[in-house]
Amino acid sequence: MSDSNWTDRIAGERMAVDQRFNEQVKASSFSSQQWGLVMTAVEFEIENPGDPDTARIVADTSKLSSVMPEMERVANQGPMGGPGGDQSGSSGGLLSGVKDALGLGGSSSGDKQQEEEAARLAQAYAEQLQEKLESNGRWKSVCEQAQG
């Protein structure tokens, strides 16, 4: 797939953007571990790669809902990854986890707000990544790679 090809070739720029983006993550409601989960669910695409002047990186956040149950578990963990103050969430057992994974679990409005915040942050990250590629002169070649 050509999309993964171009994303594989911008690892250095991603690392630089990651470092700069840490401040926005700290200002958000996410821990760095939660943000890591968000980034595992986000895929980046280039819209209109045939025209670098109008092309832009967009964050495909359609899979965010799949990591929301794990984000809640991470939020409930104490320091060093141990159980946090609220351990009652484990009472649902295996069935609860399967229902959550299938999107059948009860999703609160807080989950939806957190998912929307994650999507906004992911798009802001995509924009900073594009700015980084443009500033170091790699945007045109990345668009060409994305075009296949």
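**Exercise 1.** In this predicted model, the backbone oxygen of A55 lies 3.2 Å from a polar atom of the side chain of Q130. Determine in which helix Q130 lies and whether Q130 counts as buried or exposed.

*Solution.*
1. Q130 belongs to helix α6, which spans residues 109-135.
2. Buried means under 20% relative accessible area. The relative accessibility of Q130 is 11%, so Q130 counts as buried.
3. Leaving aside residues up to four places away in sequence, Q130 touches A55, R56, I57 and W139. A55 thus appears among these contacts and also supplies the backbone oxygen at 3.2 Å.

**Exercise 2.** Describe the surroundings of Q34, a residue of helix α3 (residues 32-41), and identify which backbone oxygen lies 3.1 Å from a polar atom of its side chain.

*Solution.*
1. With a relative accessibility of 5%, Q34 counts as buried.
2. Residues up to four places away in sequence excluded, Q34 touches S29, M71, V74, A75 and Q114.
3. The backbone oxygen in question is that of M71.

**Exercise 3.** Establish how helix α3 is oriented relative to helix α4 (residues 68-76), and characterise the residues of their contact.

*Solution.*
1. The axes of α3 and α4 come within 9 Å and cross at roughly 170°.
2. Angles over 145 degrees count as roughly antiparallel; therefore α3 is roughly antiparallel to α4.
3. On the α3 side, the contact involves Q33, Q34, L37 and V38; on the α4 side, E70, M71, V74 and A75.
4. By class, the residues of this contact comprise five nonpolar, two polar and one charged.

Definitions and conventions:
Residues numbered from 1 in each chain as written. Predicted model: local features only at pLDDT ≥ 70, side-chain atom pairs only at ≥ 80, totals over all residues. Heavy atoms only, no water. Buried < 20%, exposed > 50% of the residue type's maximum accessible area, 1.4 Å probe, protein only. Polar contact = N/O pair within 3.5 Å; in protein donor to acceptor, adjacent residues only side chain to side chain. Contact = heavy atoms within 4.5 Å. Axes fitted to C-alpha atoms, helices over the stretch in contact; angles between N-to-C directions. Helix = DSSP H or I, 4+ residues; strand = E, 2+ residues; numbered from the N terminus. Parallel < 35°, antiparallel > 145°, perpendicular 65-115°, else oblique. Nonpolar A, V, L, I, M, F, W, Y, C, P; charged D, E, K, R; others polar.
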